[in-house]
Amino acid sequence: MRKVLAIASIFAITICSAQNVFENKKVEKFYYAIDDAYWDYDFDFILKNEDKALEFFESVKDTTASNVFSAIAEAYYEYAEFEPSVQYYEKSLSILREVGEDALAKDIVASLANVKSEMGQLQGAEDLYLEV
């Protein structure tokens, strides 16, 4: 339960600091649908809309895209699908580093370390934890 709360607080921080620059109303509506699904623990919805998320946010380099990829990563994590979870956390982390959101990046590093730990990649997890 603490892990879920910690991850939820990380997502809350990133949502609050999201840049909220949307290409159009359709993308904005989708973003908030993903956000609502995350808070409702509706990970099925998030994963069912993965392709749409990629369509809307793959080329976007801001915190809103990072938040969407973090939500997808968390959804995969909840279903113990660790490889795609790692890929999406890394995508989120890359964006945050690119836009200079170092504080938010540390939160994603911690989440990524948790996934690596679950995968039994203890050295990789330790290296990430030391980054934080």
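Below, a colleague and a modeller talk through a predicted model.

Colleague: Happy to look at this with you! How many helices and strands does the secondary structure of the protein come to?
Modeller: Glad to have you here. Read along the sequence, the pattern is α-α-α-α-α-α-α-α. The tally for this predicted model is therefore made up of helical elements, and it comes to eight helices and zero strands.

Colleague: What share of the residues in the protein is buried?
Modeller: A residue counts as buried when its relative accessible area is under 20%. The protein has 132 residues, and the buried ones make up 45%.

Colleague: And what share of the contacts with a separation of 6 or more comes from residues 24 or more positions apart?
Modeller: Contact here means heavy atoms within 4.5 Å. Among contacts in the protein with a separation of 6 or more, residues 24 or more positions apart account for 58%.

Colleague: Let's turn to helix 5 and helix 6. How are they oriented to each other?
Modeller: Helix 5 covers residues 63-78 and helix 6 covers residues 82-98. Their axes come within 8 Å and cross at roughly 165 degrees. Angles over 145 degrees count as roughly antiparallel, so helix 5 is, relative to helix 6, roughly antiparallel.

Colleague: What is the handedness of that crossing, and which residues meet there?
Modeller: From helix 5, the residues taking part include Thr-63, Ser-66, Phe-69 and Tyr-77. On the helix 6 side, they include Phe-82, Tyr-88, Lys-91 and Ser-92. The crossing of the two helices is left-handed.

Colleague: Ser-66 and Ser-92 both caught my eye. What distance separates their C-alpha atoms?
Modeller: Ser-66 is found in helix 5, while Ser-92 lies in helix 6. Along the chain they are 26 residues apart. Ser-66 touches Ser-92, Ile-95 and Leu-96, leaving out residues up to four places away in sequence. The C-alpha atoms of Ser-66 and Ser-92 are separated by 4.3 Å.

Colleague: Are Ser-66 and Ser-92 buried or exposed?
Modeller: The cut-off for buried is a relative accessible area under 20%. Ser-66 has a relative accessibility of 0%, and Ser-92 has a relative accessible area of 0%. With those values, Ser-66 counts as buried, and Ser-92 is likewise buried.

Colleague: Which residues is Ser-92 in contact with, leaving aside its neighbours within four places in sequence?
Modeller: One partner is Ser-66, which belongs to helix 5. With the neighbours within four places set aside, the full set for Ser-92 is Ser-66, Phe-69, Ser-70 and Ile-108.

Colleague: Phe-69 has come up again. Which residue lies over its face?
Modeller: Phe-69 in helix 5 and Lys-91 in helix 6 are both among the residues that meet between these helices. At 5.3 Å from the ring centre of Phe-69, the residue lying over the face is Lys-91.

Colleague: Now for the loops. Where is Ala-80, and what is its phi?
Modeller: Ala-80 lies in the loop between helix 5 and helix 6. Its relative accessible area is 48%, so Ala-80 is partly exposed. Although Ala-80 is not a glycine, its phi is positive, at about 55 degrees.

Colleague: What about helix 2 and helix 4: how are they set to each other?
Modeller: The axes of helix 2 (residues 25-39) and helix 4 (residues 50-57) come within 11 Å and cross at roughly 135 degrees. Helix 2 passes helix 4 in a left-handed crossing. Lys-26, Val-27, Phe-30 and Tyr-31 in helix 2 meet Lys-52, Ala-53, Phe-56 and Phe-57 in helix 4. Given the crossing angle, the two helices are oblique.

Colleague: Which residues form the aromatic cluster?
Modeller: Phe-30 and Tyr-31 in helix 2, along with Phe-56 and Phe-57 in helix 4, are among the residues that meet between those helices. They belong to one aromatic cluster, whose members are Phe-22, Phe-30, Tyr-31, Tyr-32, Phe-56 and Phe-57.

Colleague: How many aromatic pairs are there, and what kind is the pair of Phe-22 and Tyr-31?
Modeller: With ring centres required to lie within 6.5 Å, the count comes to twelve aromatic pairs. Phe-22 and Tyr-31 are 5.3 Å apart centre to centre, with 50 degrees between the planes. Phe-22 is buried at 17%, and Tyr-31 is buried at 2%. This pair is tilted.

Methods. Residues numbered from 1 in each chain as written. Predicted model: local features only at pLDDT ≥ 70, side-chain atom pairs only at ≥ 80, totals over all residues. Heavy atoms only, no water. Phe/Tyr/Trp six-rings, centres within 6.5 Å; stacked < 30°, edge-to-face > 60°. Buried < 20%, exposed > 50% of the residue type's maximum accessible area, 1.4 Å probe, protein only. Lys NZ or Arg CZ within 6 Å of the ring centre and 35° of its normal. Axes fitted to C-alpha atoms, helices over the stretch in contact; angles between N-to-C directions. Helix = DSSP H or I, 4+ residues; strand = E, 2+ residues; numbered from the N terminus. Parallel < 35°, antiparallel > 145°, perpendicular 65-115°, else oblique. Left-handed = near helix turned anticlockwise from the far one by under 90°.
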